[in-house]
Amino acid sequence: MNVRAERFVNHAILVLFSVIAVFPMIGVVAQAFQLPHLDLSTFGTAWREGHFATYLRNSVIVTTVTVVTSAVLSIMAGYALGTMRFRGSGALFLLFVAGLTIPTEAIVVPLYFDLRSAGLDNSYAGLILPQVAMSVAFGTFWMRAYFRSIPRSLLEAARIDGASGWTTLWRVLVPVGRPAILTMVLLTTMWTWNEFLLPLVIVNSDEGLRTAPLGLSFFQGTHKTDYSLLMAGALIIAAPIVIVYVFLQRQFIAGMLSGAVKE
């Protein structure tokens with residue numbers, strides 16, 4: 001197979017899978033906008049009846065605090081485990097990796113009772129802390145791989161210039177590693193925004209603390225047959241994360257292609 005034929009086959013496969021991925025979204029958009037009539041009133045109705053202003057606010061608070069906290073902790077932990085050698089570093093890294101292997105379903109029940117005994121159920125702290133822990137497990141794994149890929153000459157040059165470990169991290173390595181960091185931030189943002197099980201269990205009595213996916217689930221339960229309203233609500237919930245991805249897609253692709261997770 002020559003180069004032109006191979007390129008044609010590759011593009012055809014990509015187009016096919018793109019159509020498969022996009023086709024359901026076309027149906028959602030068409031149903032929400034009630035095409036071909038283009039009726040936008042369903043969005044206003046869904047916004048009012050679904051209380052999405054409250055739910056979106058809660059998701060923004062939870063996601064922002066979780067992503068910022070986990071990103072800072074992951075960068076520092078990844079830097080320590082990726083560039084420093086100290087006793088127990090291997091075992092500590094394996095502990096972080098173990099956090100990636102434990103499914104949420106396996107810990108959600110004991111986690112709920114622990115949070116309830118500490119008075120953290122039905123609270124922002126109860127929503128944020130578990131997701132920070134899960135995000136740090138992934139973030140540390142991701143950032144350690146990035147820091148291990150940094151040329152040793154860069155670290156040695158910073159030390160020769162008299163830079164401390166703290167200065168080397170935040171003024172040398174973090175700016176250079178922007179694609180890898182933004183990729184981690186984007187993935188963590190999407191996972192946190194879309195988390196459903198933890199809010200469902202932890203927020204069991206305070207409706208005002210429901211996150212966007214949880215609120216959409218209850219909205220679906222009260223509008224089972226009104227598909228236009230349901231699709232409008234789904235688009236409202238999906239819009240923020242789509243906007244974030246659109247703005248960060250270049251950095252996301254650069255981070256994925258830079259070999260950030262390659263040892």
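Is Arg210 buried or exposed? Arg210 is buried, with a relative accessible area of 12%, and the points below place that residue in the wider setting of what is a predicted model.

1. Overall fold. The secondary structure of the protein chain consists of twelve helices and zero strands, so that reading from the N terminus the order of elements is α-α-α-α-α-α-α-α-α-α-α-α. Taken along the principal axes, the box filled by the C-alpha atoms is roughly 65 × 65 × 30 Å.

2. Burial and contacts. Of the 263 residues in the protein chain, 38% are buried. When contacts between residues at least 6 apart in sequence are considered, 79% of them join residues that are at least 24 apart.

3. Surface and charge. The protein chain has an accessible surface of about 15,000 Å², and carbon and sulfur atoms account for 67% of that area. The chain carries 17 positive and 13 negative charges, and the mean positions of these two sets are 13 Å apart.

4. The salt bridge. The count of salt bridges comes to one, and the pair concerned is Glu207 with Arg210, whose closest N and O atoms are 3.9 Å apart. Since the cut-off for such a pair is 4 Å, the reader may wish to look at this pair directly in the model. The two partners can be described separately in terms of accessibility: Glu207 counts as exposed, at 51% relative accessibility, whereas Arg210 is buried at 12%. The limit for exposed is over 50%, and the value for Glu207 is 51%. As general background, side chains of opposite charge can pair when their charged atoms come close.

5. Thr211. This residue lies in the loop between α10 (197–202) and α11 (212–222), and Thr211 is nevertheless buried, with a relative accessible area of 5%. Leaving aside neighbours within four places in sequence, Thr211 is in contact with Tyr55, Asn58, Ser59 and Leu127, and also with Glu195 and Pro199. Thr211 counts as buried because its 5% relative accessible area falls under the 20% limit.

6. The nonpolar patch. Phe8, Val9, Ile13, Leu16, Phe17 and Ile20 together make a nonpolar surface patch of about 620 Å². One of these residues, Val9, has its place in helix α1, which covers residues 3–32, and Val9 is partly exposed, with a relative accessible area of 34%. Val9 can be part of the patch because its 34% meets the requirement of over 30% relative accessible area for patch residues.

Note on methods: Residues numbered from 1 in each chain as written. Predicted model: local features only at pLDDT ≥ 70, side-chain atom pairs only at ≥ 80, totals over all residues. Heavy atoms only, no water. Helix = DSSP H or I, 4+ residues; strand = E, 2+ residues; numbered from the N terminus. Buried < 20%, exposed > 50% of the residue type's maximum accessible area, 1.4 Å probe, protein only. Contact = heavy atoms within 4.5 Å. Areas by Shrake-Rupley, 256 points an atom, 1.4 Å probe, with all protein chains shown as cover. Lys, Arg positive; Asp, Glu negative; His and termini not counted. Charge placed at Lys NZ, Arg CZ, Asp CG, Glu CD. Salt bridge = Lys/Arg side-chain N within 4 Å of Asp/Glu carboxyl O. Patch = residues over 30% accessible without salt bridge, like charges linked within 9 Å, V, L, I, M, F, W, Y side chains within 5 Å.
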